[in-house]
Amino acid sequence: MPDESSFGAIGHTVDAFEQAFRHNLYSARGTTPQSASALDIYQTLAHTVRDYLMQRRRKTTEAHFTANPKFVYYLSAEYLLGRQLTQNMLYTDVWEIAEQAAARNGLRLRDFIHLDHEPGLGNGGLGRLAACFLDSLATLDIPAVGYGIRYEYGIFEQSFQDGWQVESPDTWLYYGNPWEFSQPDDMVPVGFGGHTERYEDEQGRRRTRWIPGEMVMGEPNYMLTPGYGTDTVNILRLWRARATREFDFQLFDMGDYERAVEQKVYSENITKVLYPNDTTPQGRELRLRQQYFFVAASLHDIIRRFRFRNSDWASFPDKVVIQLNDTHPVIGIPELMRILVDKEGLDWDVAWDITQRSFAYTCHTLMPEALEEWPVSLFERLLPRHLEIIYEINAAFLKQVAAAFPGDAGRIAAMSIIREGPERRVRMAHLATVGCFSVNGVAALQSRLLAEFTLADFAQLWPQKFNNKTNGVTPRRFMRLGNPRLCALIDAKLGPGWLNDLERLRELEAFADDAEFRAAWREIKQQNKVELAALIKRYTGIEVDPNTIFDVMVKRLHEYKRQLLMALRIITLYQRIKADPTIAMPARTFIFGAKAAPGYRMAKLIIKLINNVAEVVNNDPDVAGRLTVVFIPNFNVSKGERIYPGADISEQISMAGKEASGTGNMKFALNGALTVGTLDGANIEIRDLVGAENFYLCGLHTEEVMALKASGYNPLEYYSADAELRRAIDAIATGAFSGGDRALFQPIVASLLTRDDFLLLADYADYVRVSEQAAHDYYADPDGWTRKSILNSARCGFFSSDRTMRQYCQEIWRVEPVRVGGVTSNS
């Protein structure tokens, strides 16, 4: 084996970095220092840092091939990776030498970081969690590959016009992606439609084969996912759809230019955008095409990798574990059965045993509408063989149910993978639960409700399958990269190593009563708020006062997350001022950030309302700086890195029993924000860890929510009984925030007064009371507030995604770390 030097290894010096940079400028960009553009510099910098990663990737590949370990294959429709340049400079430990090399040439790194466009491959917490998990898997030296879709446009770019959300394409690939490696020579054919046929094989066995009606090619592109403090570099493999026939020359020659490229456009639509609007039949079909496309291509690749060192299918579950991140990849279960039975000729029972021991499923929701179901008619047309396999899986499963619960026809119907009715549907969560050996939730409450309510029948049948794995976040991105000042202070007290052992933050408790430490902590928070104020000014044009309390709610816009409840509170405060302009009121800055799904009309209307409230409040001279409301457009990972460190209050006010976990709550708490929140998702575990006295609890508990709804909840009773609530809603209804237009926000008013599905009116009074207490405490006792802030950070080390991944590895996957280059972070 050649030594490392024969691969052109780059030294870890300023001279070596500069030499590699110049080489890439010439060879990769084809330009010179004298004529290089800013984009040339950025791309060359990215390629140079990538070269350092590739040295470690080579070592990782060799170590994995030698060890032939069990691999984790993580299938997710979303990945919100964040910017790669800053992360990869940190992980390769070249930041300082890169800055020095740039300075030699009259350049500043910070002038090029903004050109690093973060991949828009996700919509919210699901995608960011997947990215955190890949980060932690590599940091823990776990052999792993992530699989997903290389969306050409990904999540949309959000802007506001007259307060309305406007979506435009996220052109993250417009100038290319210097962090990826395309592999068109490894394309995988993926079929759709067609029919099945029965035949007899050479051994006289009755067999089935699928004859697809169309084919699409899956082109793999992979990105490097390095660990921190280790040589391990894993990969994320993203699939791009390519046409089998890209161009019809005859049609083009005849002048029929559109039809000449019709197949190319149709095939490649599969990976154009993240989550096409599924309110139309075409949108629903495209979503199912997306899911099957990336899962089929990924399973082909997983089997290819398995066969590098293995040939016996019986060993497949000992070498492969496939984690399904929510229901989007669940079609992988019948796809693996099709491969094993139809392609490899295994007996059904043998194939089913292999399949069940290879798949594990994470359920991220308690909301029935988020547990995907697909019309049987769509399956029949798009994936006919898979529907046959699902029918066979279901028939065998329902026999188990009938044996376990004799005479319980209702239970059989409730548990069936096929929902009967005018439109028969395939229940993907049921298929996942039947076909996987593990079903986990992502926070203690959600996992309990999952087993007691959402999938209760399955938990009674297979209690051993159900478990909890509370989510976590990577402190490397959301502390080290996002809050370097705070990390420097922590380094000074704890020394090195705590980023990979986040429970060590507990050691900060010893300094919570140290006046000098509290002053340093408070000064860092203030500096972060000044930076956040500058970001707000840049993106909204609004000047905010960093000396006011920053009350922040940034997350995906959904009614159950209750951004509207926060808006009602702001309206109430504004009305208090209007009723008495001399009223003493703590000055507050309310900061929103959220995207609404393009087809989610109510969510988009709530954004419009918040922006209109901001317009009225911010321009009313009576307010006199006491209230400022801003909505930062296009919230993403990079903005989050700047927002979390500058927050004083973290708003986590979803209706109890609705939020699976949340990870924004963890990012805020680790950066010293205090939570105003309900007992929902991971809020419960945050409160348990930081202490009730360091958490502002509001709202009904889950059992109270259920009891209220069961008793016949009437929102009008709360509206009639609470004068401030009534005035706030009436102001919306009468056009106070719509220029007198009573119709604009009528859907919001009608929803609140007739249904109020998420109990905003029931929780309103307590939420306002608790929020006022938090604002009072902030100003009345700054030292006490800082102490609470320190304890929030110190006691939230549990929420590292490293801890989450260790639990998955030990309790679900049964995988071990593999040392790379004699170095491991898991020693």
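## A covered helix

A residue is called buried when its relative accessible area is under 20%. Keep that cut-off in mind as you look at this structure, which is a predicted model.

Helix H11, spanning residues 332-343, is a good place to begin, as eleven of its twelve residues are buried. How do you find them in the sequence? Start at Gly332, Ile333, Pro334 and Glu335, then go on through Leu336, Met337, Arg338 and Ile339, and end with Leu340, Val341 and Asp342. The list of buried residues in H11 includes charged names such as Glu335, Arg338 and Asp342. After H11 comes Gly345, and its phi is positive, near 75°.

## Salt bridges across the chain

Now for pairs of opposite charge. How many salt bridges does the count come to? The total is 64 salt bridges.

One of them joins Lys272 to Glu152, with the closest N and O atoms 2.7 Å apart. These partners come from distant parts of the chain, 120 residues apart: Lys272 is in the loop between helix H8 (262-268) and helix H9 (281-306), while Glu152 is in the loop between strand E2 (144-149) and strand E3 (157-161). Lys272 has a relative accessible area of 24%, so this residue is partly exposed. Glu152 also counts as partly exposed, because its relative accessibility is 28%.

Another salt bridge connects Glu509 and Arg795, where the closest N and O atoms are 3.2 Å apart. Here the partners are 286 residues apart, with Glu509 in the loop between helix H20 (484-494) and helix H21 (515-540), and Arg795 in the loop between helix H32 (782-794) and helix H33 (801-813). Are the two residues buried or exposed? Glu509 is partly exposed at 26% relative accessibility, whereas Arg795 is buried, with a relative accessible area of 16%.

## A further pair and a network

Lys537 and Glu543 form a salt bridge too, and their closest N and O atoms are 3.6 Å apart. Lys537 counts as partly exposed at 38% relative accessibility. Glu543, on the other hand, has a relative accessible area of 65%, so Glu543 is exposed.

Salt bridges can also join up. Which residues are linked in a network of salt bridges? They are Asp513, Arg518, Arg522, Asp783 and Arg787.

## Rings that meet

Aromatic side chains make contacts of their own, and the structure holds 28 aromatic pairs. Trp210 and Tyr292 form an edge-to-face pair, 6.2 Å from centre to centre and with 65° between the planes. Because Trp210 lies in strand E8 (residues 206-211) and Tyr292 in helix H9, this pair ties together parts that are 82 residues apart in sequence. Trp210 counts as buried at 10% relative accessibility, and Tyr292 is buried with a relative accessible area of 1%.

Tyr574 and Phe737 make a tilted pair, with 6.4 Å centre to centre and 55° between the planes. Tyr574 belongs to helix H22 (residues 563-579) and Phe737 to the loop between helix H29 (723-733) and helix H30 (746-754), so the pair ties together parts 163 residues apart in sequence. Both Tyr574 and Phe737 are buried. Elsewhere, Tyr74, Phe133, Tyr808 and Trp813 form one aromatic cluster.

## Charges over rings

Which residue lies over the face of Phe192? That residue is Arg289, at 4.7 Å from the ring centre. You can look for a second example at Phe798, where Arg803 lies over the face at 3.8 Å from the ring centre.

## Two helices packed together

Two packed helices are described by the angle between their axes and the distance between the axes. Helix H2 (residues 38-67) and helix H3 (residues 84-92) pack at an angle of about 40°, and their axes are 10 Å apart. Why are they called oblique? An angle of about 40° is neither under 35 degrees nor within 65 to 115, nor over 145, so the two helices count as oblique. The crossing of H2 and H3 is left-handed.

## Across the model

To end, try a distance between two residues. Glu99 lies in helix H4 (residues 95-104) and is partly exposed, with a relative accessible area of 40%. Gln464 is 365 residues from Glu99 along the chain, and the C-alpha atoms of these two residues are separated by 53 Å.

Key. Residues numbered from 1 in each chain as written. Predicted model: local features only at pLDDT ≥ 70, side-chain atom pairs only at ≥ 80, totals over all residues. Heavy atoms only, no water. Salt bridge = Lys/Arg side-chain N within 4 Å of Asp/Glu carboxyl O. Helix = DSSP H or I, 4+ residues; strand = E, 2+ residues; numbered from the N terminus. Buried < 20%, exposed > 50% of the residue type's maximum accessible area, 1.4 Å probe, protein only. Phe/Tyr/Trp six-rings, centres within 6.5 Å; stacked < 30°, edge-to-face > 60°. Lys NZ or Arg CZ within 6 Å of the ring centre and 35° of its normal. Axes fitted to C-alpha atoms, helices over the stretch in contact; angles between N-to-C directions. Left-handed = near helix turned anticlockwise from the far one by under 90°.
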